[in-house]
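Trainee: Could you walk me through how to read a structure like this one, feature by feature?
Mentor: Sure, let's take a look.

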Amino acid sequence: MKHIASLVTRFPILCLVLSLCLAAPFLIQLPRIQTVDNVDYFTVEDDPDVAFYQSIKDTFGEDEFFVIAFSSPELFTPSILRMIAAITQELETIPEVREAQSLANVDYIHGEEEYFEVRPFLERIPEDVPGLAALREQALGNPLYVGNLVSADGETTALVVFPTAHEAGDGSFRKRLIEQTETVLAKHEELAGRFHLAGWTMTNFSLSQYMKSDVAVFIPVTYLFITLTIWLFFRNVRLTLLALANISMCTGATMGLFPLLGITLNNVTTIVPPLVMALALADSVHIFAHLDKKLLDDAPSPAKAMESILQRVITPCFLTSLTTAVGFISLVVSDIPPIKEFGYVASAGMIFEFLFSFLLLPPLMLMCRPDTIYTHRRKDIGMGAFLGRLSALVQTHARPITIFIALLTLGALWAASTIRVETNLLEYFKPSSPLRQELSYIEPRLSGVGTVDISVKAGERDALRDPDKLAVIDRLQTFALTLPGVDRTMSFVDFLKDMNMSFHNEDPNFYVIPESRELVSQYLLLYDSDDMDEFITPEYDQARVLIRISEHSSAGQAELIDALRAFIDQHEHEGLQIRVTGRAVQDVNTIDALVRGQVESLALAAAVITFIMFLALRSLVAGALSLIPNAFPIILNFGIMGLLGIPLNTSTALISVVALGIAVDDTIHFLTEYNRKRAENLPMREALQQSILDKGTAICASSLILVIGFGVLLFSSFVPTMSFGGLSAVIMITALIGDMIVLPAAMLSFDGKSA
């Protein structure tokens, strides 16, 4: 490492050119960075449930939908009904729409004794009051409509839009669909008032749009805050500009990797830019903190002074970059592609920040007049005075501090045991967000827009004409409706029950499964509609049960899924193969895989970083002590999450791994300096005091910068990103306390000579 420092100061122009040549291939890729208008990438790789769910969609068609709802006390009037029909027709002309279902085009089964007919519900729109009243009564009396196409009070109606199947690489599909849908609806707002849209299509698109708005905010805000921080600590325009040049090169090169690796900006990787900017600046700060004019006066030349500074910081900076990269690269054990991508790009960013901090920044500094960047470092005023008092406090009260920290850690461990593992998609959005308001409007009036499916397979053709087998499906639906969060169920059986009731003069007592296989076959012969196609195959050997849910918590969805599976396992199947599937199953599996992956990543990162620390510090005792200030902030973070009721979810699960790799950085700088002091034969107390005074300013500055880097994420519109940023910022503060107070206090206490 020290040879690199000598090389940089002896051949600064060569190193500058080398760094620019290194950056160029990545910087030219920046215009090719892509964002996507969907979050379809957030699934578990090679998950058998995902493959099975896809097979169900291949059989019955894409099950994605979104709901367009509006309310009117005069819903069943000619003008409103004609508008519904017009909107339905216009929506079906959109290329991205497979089907738009509404009261205007849904089929209605009307029967007399021993006969029924299937006709469009709005075969004609009545102009008279009695005809409209009868139409309203028919709609509210049909179980297939209520909660799906019309509310129970008859004042809210819905159009259910089913998108066409689209190519996985068509990232703007939903954007085009929503824009065209809004164009259609805009023409009818004068009569209908406000339209409300909700469903997976809207949620998916909204998540991607928040990501784009975050990128637009994060980078300029991070630049602004970092500029102010550098200025406040060093009060030097040139150093501020040099730091900005360094972080710009590091961030640009890292972002240039995105198109080269085929990675897009998504809700996880959007965290990379502010994170790399903050970490790149941390190395710059450790270099700047040694720009003491006394060192310049004692050196034969500015180049030798710079060489002395670089030799002092390059080894700990290399170790910090290495351990942080290890923390990030450990994420690649995850089964979720965006988490892997984050791990790859962020770890590469650590390589870039080390290379540019020592190949680009020093040559630029050597181009400046020395007196413009070197200053007198006084330890008796300002930050130096504060650090001196802090060191005295720690040395005087080492044991009480250690005991207090131990008790605090035990309390945090207890609080951490109460953490819930769940993701609530609804709570990903602020209460004021349009998407959350739309869901809050639609779900109480109609049905939830979340889905769970149940696949029912028979071993032979026409097996699902058998009333006994149909009864199995009926029992499943009946049980599902007893579960919390389930709003309605739909299956092929519902259509048969409706036919049976119509066949018996609309008598509600006959809303049951037909009593014989022959009667089922007779009804199916009479039924002339494609409304059942998404629930039964033409061979009548496989059926799908759709369950609409308003439960958005992954923990609640997991309980619902477990209850369905338990019911299936405990009851007779009549030879049917029954399996719970659907989007909710996919989402629950993703959460489980994420948490499991983070535990594995944390264990891997902790093991590798600990090994590196033992090797770097060349001492088992020092390596073991280094674990104290790094475990402390992570344990405290989990304790805070438990106390505040913050769940372990797709964002907070990342924190521990990322924080471990970053928090260890200042510990390395502190212990490296401490070992150097001890090598000069200074007693422990004096070595600790001098280490705090010499390294304290840089450690405090880098910690503040990281707090700002993570704090920028609080400007996100996306709640998980805000949680990640806020909790990570708290970890950086507690890591600073760990390095400046907890570690010295523990070392003094274990030494047995503290007061």
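Mentor: Keep in mind that this is a predicted model. Let's start with a charged residue: Lys-497 has a relative accessibility of 11%, so it counts as buried, the cut-off being under 20%.

Trainee: Which residue does the side chain of Lys-497 meet in a salt bridge?
Mentor: Asp-474, with 3.1 Å from N to O. Asp-474 belongs to helix H19 (residues 467-480) and Lys-497 to helix H20 (residues 492-503), so the link spans 23 residues of chain.

Trainee: How many salt bridges are there in the whole structure?
Mentor: A search turns up 21. Take Arg-194 and Glu-438, whose closest N and O atoms are 2.9 Å apart. Here the partners are 244 residues apart: Arg-194 is in the loop between helix H7 (189-192) and strand E6 (196-199), while Glu-438 is in helix H18 (residues 434-445). Glu-438 counts as buried, because its relative accessibility is 10%.

Trainee: And Asp-453 with Arg-544: what is the N to O distance there?
Mentor: It's 2.9 Å for that salt bridge. Asp-453 sits in strand E7 (residues 450-457) and Arg-544 in strand E9 (residues 542-549), so the bridge ties together parts that are 91 residues apart in sequence. Check the burial as well: both Asp-453 and Arg-544 are buried.

Trainee: Which residues are joined into one network by salt bridges that share partners?
Mentor: Arg-312, Glu-673, Arg-676, Lys-677, Glu-680 and Asp-694.

Trainee: Let's turn to helix packing. How do I describe it?
Mentor: Two packed helices are described by the angle between their axes and the distance between those axes. Try helix H6 (residues 173-186) with helix H8 (residues 200-234): their axes come within 10 Å and cross at roughly 115 degrees. The crossing is left-handed. On the H6 side the contact is made by Arg-174, Lys-175, Leu-177 and Ile-178, and on the H8 side by Trp-200, Thr-201, Met-202, Asn-204 and Phe-205.

Trainee: How many of the residues in the contact of H6 with H8 are nonpolar, polar and charged?
Mentor: Five are nonpolar, two polar and two charged.

Trainee: What about the nonpolar cores? Which residues have the most contacts inside the largest one?
Mentor: That core has 108 residues, and the ones with the most contacts inside it are Phe-288, Phe-328, Phe-342, Met-365, Ile-662 and Phe-710. Pick Phe-710 and look beyond residues up to four places away in sequence: it touches Leu-275, Val-658, Ile-662, Phe-724, Gly-725, Ser-728, Ala-729 and Met-732. There is also a second, separate core of 106 residues, with Ile-94, Leu-483, Val-486 and Val-588 among its members.

Trainee: Now a single residue. Is His-669 buried or exposed?
Mentor: Buried, because its relative accessible area is 2%. You'll find His-669 in helix H25 (residues 652-679). Leaving aside neighbours within four places in sequence, its contacts are His-286, Pro-316, Cys-317, Thr-320 and Lys-695.

Trainee: How does Ile-329 count at 33% relative accessibility?
Mentor: As partly exposed. Ile-329 is in helix H12 (residues 302-329). Its C-alpha atom is separated by 4.8 Å from that of Gly-343, 14 residues apart along the chain. Not counting residues up to four places away in sequence, Ile-329 touches Gly-343, Tyr-344 and Ser-347.

Methods
Residues numbered from 1 in each chain as written. Predicted model: local features only at pLDDT ≥ 70, side-chain atom pairs only at ≥ 80, totals over all residues. Heavy atoms only, no water. Axes fitted to C-alpha atoms, helices over the stretch in contact; angles between N-to-C directions. Helix = DSSP H or I, 4+ residues; strand = E, 2+ residues; numbered from the N terminus. Left-handed = near helix turned anticlockwise from the far one by under 90°. Contact = heavy atoms within 4.5 Å. Nonpolar A, V, L, I, M, F, W, Y, C, P; charged D, E, K, R; others polar. Salt bridge = Lys/Arg side-chain N within 4 Å of Asp/Glu carboxyl O. Buried < 20%, exposed > 50% of the residue type's maximum accessible area, 1.4 Å probe, protein only. Core = buried A, V, L, I, M, F, W, Y, C linked by side-chain atoms within 4.5 Å.
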